[in-house]
Amino acid sequence: MTKIPAAAPVPLYGAEHAADPQRSYDLLRLQGAVGLAEIAPGVVVHLVTDYRAALDLLQDAETWTKDTRGWLSQVPLSSPIRPNVEWRDSLFYADGEYHAHLRKVITDSFGLLDPHDVRMVTFRFADTLVQRFADSGTVDLVGQYARQLPLMVFNRLFGMPDEYGPRLVDALAAMVDTDPERQAAGGQAFGEYLGTLYQTKAEQRGHDLTSWFIDHPNGLNQEEAVNQILITLGAGNEPLSNLIANTCVRMLSDARYFGTLTTGSLPIQHAIHEALWQNSPLANYSLHFPKRDLTFHGTHLPAGSPVMVSYAAANTCPHAGVPTDGYRSGTKAHLAFAAGPHACPARDLALLIATAAIERLTSYLPDIELAVPVEQLTYREGPFHRTLTALPARFTPLAPDAEGATPWSRSPADSGPDAGPNAGPDAAPAPTAAPTAAPTPTPTAGPLAARA
Ligand code: HEM
């Protein structure tokens, strides 16, 4: 293993980092609260690894800007991280009043979602996915479950008919393919999806997020509305998939949880919380730039230089005081959803969907177990996400005609109305034509969607 001098940028990409990110964070800590990290070949940023310093940055909107435009010329167009940092007119890259203006549209609209409906919608799509593999006795919980479920749910919450869910899944999967042609096709398909979504809802509103974005009193124009939808879909999908998978692996590999599946001895929320503290689904992000030269926690930062926060390192740094069992009931909160004005606006929604997804899966498959030793699991290479490449599991196959609750026969307790946004009289009609007037977004799914 190569020994890296304390002041050299620590690579956050490649197999070595993916295999043991905490080693990278330990090396960065040797540089202090803020260290130099290389997030892609030739792209170096300062990375905050200390809990206190992370909070100081995230909560200080005066000193920092999130606008990436001044820095983008230093990121090669061919860099794998380029889609994750590309500026777009969205709350993600906005500051101050304009950020608050855009963000209110999103928080108000999320606030209109009924948690019970969201839970039922998640159950419903979880059933659809489990039906596809339940009788085989084996599953890749990443590819066949965690990576598909969030987008099927979002497709519904944003107001599209269910048959559009797989199109969204396929489009975003193609966009992160290594084959450039497939990537381009994915980008085009995602652009078409967004165009159709906007057009459909502009013509006929429903009880869904898109309609609420369009009708919000803050009055977004068409381009702004599409950009916020794009960023929200992009920002929500990958971290939520990761959280579901990272929690599943914890539950299937940690002796304290084995009993949970059958006896409910430790709640799923406990495992989710541990995953957020110790295996942050989004490991490093919150890209900021100081508006002036400054010394921050002992490090000189020139104006406009890129600074990122490592939620994964901050959560596990000695100052975070994470309890030995990883489940905190003290005063500090984990930083997996960031903090301050740009903190994730969908924290509760994400927790609700992740809990329902795992609850439903384990209720049908109580003896599910890992099909390979946990040490053999691998994570995708890249600086931002903590993403398993696959999570093979096995279980006693479930026959469609088995007695009791199966994914084919929804249990009476769950059999309320086909609940959820876009259900009932407001349900969206299936769009018949390709969009004509909607803006065509560039083929990137936004900062958190790309696989880097
Ligand atoms: C486990 C799941 C999730 C995690 C760990 C997570 C984490 C985060 C983090 C760390 C940020 C701050 C990023 C930055 O400022 O650079 C963020 C922002 C954001 N997240 Fe999430 N997120 C999750 C799920 C979701 C979901 C489900 C949605 C929407 C459906 C969503 C929408 C957003 C949006 C729109 C922002 C931008 C907020 C702003 O700039 O004001 N996230 N998220």
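**Exercise 1.** Does Asp-108 count as buried, partly exposed or exposed, and at what relative accessibility?

*Solution.* Start with the ground rules: this is a predicted model, where local features need pLDDT of at least 70 and side-chain atom pairs count only at pLDDT 80 or more, while totals for chains, interfaces and linings use all residues. Residues are numbered from 1 along each chain as its sequence is written, and side-chain values use heavy atoms, with hydrogens and water left out.

Next, the classes: buried is under 20% relative accessible area, exposed is over 50%, and partly exposed is in between (1.4 Å probe, protein chains only). Asp-108 comes out at 31%, so it's partly exposed.

**Exercise 2.** Find the salt-bridge partner of Asp-108 and place the pair.

*Solution.* Take the rule first: a side-chain nitrogen of Lys or Arg within 4 Å of a carboxyl oxygen of Asp or Glu. Asp-108 pairs with Lys-104, with 2.9 Å between the closest N and O atoms. Both sit in helix H5 (residues 96-111), four residues apart, or about one turn of the helix. Helices here are DSSP runs of H or I with at least four residues, numbered from the N terminus. Lys-104 is partly exposed too, at 41%.

**Exercise 3.** Work out what the salt bridge between Asp-162 and Arg-124 ties together.

*Solution.* Check the distance: the closest N and O atoms are 2.9 Å apart. Now locate the ends. Asp-162 is in the loop between H8 and helix H9 (164-175), and Arg-124 is in helix H6 (residues 115-133), so the pair links parts 38 residues apart in sequence. Finally, look for shared partners: Arg-124, Arg-156 and Asp-162 are joined into one network by salt bridges.

**Exercise 4.** Describe the surroundings of Asn-155.

*Solution.* Asn-155 belongs to helix H8 (residues 149-157). Its relative accessibility is 0%, so it counts as buried. Then list contacts (heavy atoms within 4.5 Å). Skipping neighbours within four places in sequence, Asn-155 touches residues including Asp-162, Tyr-164 and Tyr-193.

**Exercise 5.** Characterise the largest nonpolar core.

*Solution.* Such a core is a set of buried Ala, Val, Leu, Ile, Met, Phe, Trp, Tyr and Cys residues joined through side-chain atoms within 4.5 Å. This one has 135 residues, and Leu-141 and Tyr-145 touch the most other members. H12 gives the most to this core, with 14 residues. Outside its neighbours within four places in sequence, Leu-141 contacts Cys-248, Leu-252 and Leu-391, among others.

Note on methods:
Helix = DSSP H or I, 4+ residues; strand = E, 2+ residues; numbered from the N terminus.
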